[in-house]
Each structure stands twice: as structure tokens, then as C-alpha cells.
Amino acid sequence: MKINNPLRISIFLSTVITLLLILMILFFQDFRFIQNDPTNILFLVFFFFFIMVCTYMVTKKFFHEKIKVIYKNIYKFKGTSRLDKLNDLDIDHVQKEAEDWANAKQNELEQMKQDENYRRDFIGNVSHELKTPIFNIQGYVETLLDGGLDDDEINVKYLKRANKSIERMINIVEDLEVISHLETEQSELEIENVIIEDVVNEVFDLLEMKANNSKISLQLINEASAVSVRADKNKLQQVFINLIHNSIKYGKKNGKTRVSFFDMGPNILIEIADNGIGIDEDSLPRLFERFYRVDKNRSREIGGTGLGLSIVKHILEAHNQTINVRSTKNVGSTFSFILEKGE
Ligand SMILES: Nc1ncnc2c1ncn2[C@@H]1O[C@H](COP(=O)(O)OP(=O)(O)OP(=O)(O)O)[C@@H](O)[C@H]1O
Ligand SMILES: [Mg+2]
């Protein structure tokens, strides 16, 4: 039995003290003390309970005074009050609660440090990404102001290039806005039954020119029994646009992109596979971070900001799903996720 609450402490102390008293009596008198007068036994019993009550009162008061302070501090942070339950508390319980609280605070602190680093990186990344198009625009405008405007060879060309840089900035800002909306849960999902083949075919039409330019064929294979999934149609379309666009951008000439659906119990497994340049193993864990690009120069050249996969991840998380990737360098990549079948 653990001596860990006021009652147990008082029983333990009163037993020890009463035993000591008996030993002292035996030492100074003799066994006749008990044998001669039975009221002496009554005295011992009374003594036992007297000590017990006294120690109980003292330890309980001590417990309450000390523990109350600890508890008030802990529950001030937790935002609840359990002071009413103090009566049946033991010290082990308090210790456990304090440990849980300390662990929770430790985790919170680590999360805050992580967020702080993330924020710092994020601001650095945003300014870095915006700097390039801004300086480009500045260069073109300055050249035009310095006389280039009258030079028919460059005026329209530079204006078009400046316009391209502006488009790039708009893309970055729009992508950031989408992520920020998804993160702050400002955008409510409009979940409905979505005919998944239709969504993919629409995206194929949208990206047909890009695929043709790279001589990449787009294929759809439906091995699932259901025709629809539960999803937000526009957001699901965005997921397919980002993934299929990537498979074209990072595909090889004459390659192919295959979108497949498979049955998985109440869900449909969706795979977007390509036989493109692939991704090295070290990059896979960071792939869905904002602004992460395996080959920054190549991606930037083809107009990528590294936000596409981050948006895909956020949209699927909003659907309570996750995105997975398998990839082998120079062989190809497969992105997959599941969605609940439609009703
Ligand atoms: N199918 C793929 N094959 C090979 N690499 C890929 C593929 N998809 C993504 N990647 C790599 O992952 C990186 C991040 O992709 P993500 O879509 O987030 O950004 P992006 O395509 O560079 O820019 P954005 O999509 O914002 O225009 C890419 O830069 C590329 O290096
Ligand atoms: Mg992309």
C-alpha cells in the first residue's frame, strides 16, 4: 500500500507512534500494565485515534495548501478547474498531472519553435521568389524609359517580358492565397458526388496543348466499379491539374501520363503515374513543403514556384485524406490518394 494521501499518512504515523508508546511503556514498566487494567488498552486505542485525527488534519491542510497552488497554476493554463476534486486526490495523482502538464507544455514549446523557423523560412522564400520577377520588370521598364520605348525592335518584346514577370507574380500570390485559405479553414468544402472521369477528362482537355508540346500522351484507366467520389469538385480539379501538369512538366519527350482508378472497399484509389525524370529518394520527404523544388533552376525556368504539391496536400487534408508518392530517378513517379465512393 502506498502512503500517498492524508488518510494513509495519518494511519501510518499514528500506528508508528502508538507502537513506540507501547514499547516505551513495556520498557519502563512491565507486561502488567496491560494485564492489570483493561482501561489502559482503551487509552491506547484512544491515543491511536487521537494521533490519527491530528496528523490527518495537519497533512490534509498541508496537502490542500500546497497542492492548491500547483493545481491553480496548472489549470490556469488548461483553462479548467478541478479544485473541487482535490478532496480525493493523492500525491501520485498530482505528480502524474504535473508531469502530463509539463510534457504538454514541452510539446507546445517545440511546436512554437518549429512554427517560428517555418515562418522565417517562409518569409525568406516569398521574398526570394518575388524578387526575381520584380527585378526583371524593373530592368525592362528602365530600358524602355532610357530610350527603348522608341526602339521598335525591343519595345513590344520588353513589354511582353515584363508582362510575363507580372503573370508570374500573380501566380505566386494566387497560390499563396489558396494555401492560406486552406490553412485557416476559411474555405468551406462543398462536398458532393463528383463523376471522377469527367473531372479528369476536363483536366486532360485543359492541358492537352502542353502535353502535345512535350509529345506526352494522356491516358485514363478506370478499374473501379463506382463512377463518383465524395469531394469538392473545384478543389479536386485543382488536385488533378497540379499533378497532371507536373507529370507533363517533369516528363520525358514521348512519355506518358496515366491516371487510374481502383476499387478499395468503400473508397477509390486514384493514381497519377508518369515515366518522367523521377525524384531522388532524399527529396521525397520534403516534396510537399511550400516552395520545395528538386531542381530549383529547372523548375523556375519552366515557371514553377514549388507551391503546386503543397496545395494538393492541403486540399486532400481538407478531405481528411493524404497524398502519397513513389518515385525512381529516371524511371518515373506515381502520386496516389484515396477518396470515398459517391452515394
Ligand atoms: N511528376 C513529377 N516528376 C518529377 N518531379 C516532380 C514531379 N512532380 C513534382 N516534382 C518535383 O517536385 C517539385 C515540387 O512540385 P510542385 O508542383 O510543388 O512545384 P512546381 O511544379 O515546381 O511549381 P508549381 O506547381 O507551383 O508551378 C518540382 O519542382 C519537381 O522538382
Ligand atoms: Mg507543380
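**Exercise 1. The ligand shell**

Task: In this predicted model, state how many residues surround ligand 1 and which are the closest.

Solution.
- Step 1. Count the shell: 25 residues surround ligand 1.
- Step 2. Pick out the closest: Arg293, Val294, Gly304, Gly308 and Leu309.
- Step 3. Look for the elements that supply two or more shell residues. These are H7 and helix H9, residues 308–318.
- Step 4. Rank the contributions. H7 gives the most, with 4 residues.
- Step 5. Sort the shell by class. Polar residues number 12, nonpolar 8 and charged 5.

**Exercise 2. The sheet and its edges**

Task: Give the strand order of the open sheet, and explain why one side of S2 and of S6 is left without a neighbour.

Solution.
- Step 1. Write the order of the 5 strands: S2-S4-S5-S7-S6. The pairing is mixed.
- Step 2. Find the edges. Strand S2 (217–222) and strand S6 (324–328) each have a single partner strand, so one side of each lacks a neighbour in the sheet.
- Step 3. Add the twist. On average, neighbouring strands are turned by 15 degrees against each other, direction ignored.
- Step 4. Zoom in on one pair. S6 and strand S7 (residues 332–340) are antiparallel and share 5 bridges. Arg326 has Thr334 in S7 as its bridge partner.

**Exercise 3. Helices on the sheet**

Task: Determine which strands H6 lies across and which strands H7 touches.

Solution.
- Step 1. Take helix H6 (residues 196–213). H6 lies across S2, strand S4 (256–264) and strand S5 (267–274). The angle of H6 to S2 is about 170 degrees.
- Step 2. Take helix H7 (residues 233–249). H7 packs on the sheet and touches S4, S5 and S7. The direction of H7 makes about 20 degrees with that of S5.

**Exercise 4. H6 against H7**

Task: Describe how H6 and H7 pack, by angle and by axis distance.

Solution.
- Step 1. Read the geometry. The angle is about 35 degrees and the axes are 9 Å apart.
- Step 2. Assign the hand: H6 passes H7 in a right-handed crossing.
- Step 3. List the contact. H6 contributes residues including Val199, Val203, Leu206 and Lys210. From H7 come, among them, Leu236, Phe240, Ile244 and Ile248.
- Step 4. Classify the contact residues: 11 nonpolar, 2 polar and 3 charged.

**Exercise 5. H5 and its two partners**

Task: Decide whether H5 runs roughly parallel or roughly antiparallel to H4, then do likewise for H9.

Solution.
- Step 1. Begin with helix H4 (residues 91–145) and helix H5 (residues 155–183). Their axes come within 9 Å and cross at roughly 160 degrees.
- Step 2. Apply the cut-off: angles over 145 degrees count as roughly antiparallel. H4 and H5 are therefore roughly antiparallel.
- Step 3. Assign the hand. H4 and H5 make a left-handed crossing.
- Step 4. Inspect the contact. Leu130, Pro133 and Ile137 are among the H4 residues, and Ala162, Ile166 and Met169 among those of H5. The classes are 11 nonpolar, 4 polar and 3 charged.
- Step 5. Turn to H9. The axes of H5 and H9 come within 10 Å and cross at roughly 25 degrees.
- Step 6. Apply the other cut-off: angles under 35 degrees count as roughly parallel. H5 and H9 are therefore roughly parallel.
- Step 7. Assign the hand here: H5 passes H9 in a left-handed crossing.
- Step 8. Close with the contact. Asp175, Val178, Ile179, Leu182 and Glu183 of H5 meet Ser310, Ile311, His314, Ile315 and Ala318 of H9. These divide into 6 nonpolar, 2 polar and 2 charged residues.

Methods: Residues are numbered from 1 along each chain as its sequence is written. Chains are lettered from A and ligands numbered from 1 in the order in which they are written. This is a predicted model: local features need pLDDT of at least 70, side-chain atom pairs count only at pLDDT 80 or more; totals for chains, interfaces and linings use all residues. Two strands pair if DSSP finds at least two bridges between them. Helices (H or I, at least four residues) and strands (E, at least two) are DSSP runs, numbered from the N terminus. Axes are lines fitted to C-alpha atoms, for helices over the stretch in contact, and angles run from 0 to 180 degrees between N-to-C directions. Two residues are in contact if their C-beta atoms, placed from the backbone, lie within 7 Å. A residue is near a molecule or strand if its C-beta atom, placed from the backbone, lies within 6 Å of it. Ala, Val, Leu, Ile, Met, Phe, Trp, Tyr, Cys and Pro count as nonpolar, Asp, Glu, Lys and Arg as charged, and the others, Gly among them, as polar. Angles under 35 degrees count as roughly parallel, over 145 as roughly antiparallel, 65 to 115 as roughly perpendicular and the rest as oblique. A crossing is left-handed if the near helix is turned anticlockwise from the far one by less than a right angle, and right-handed if clockwise.
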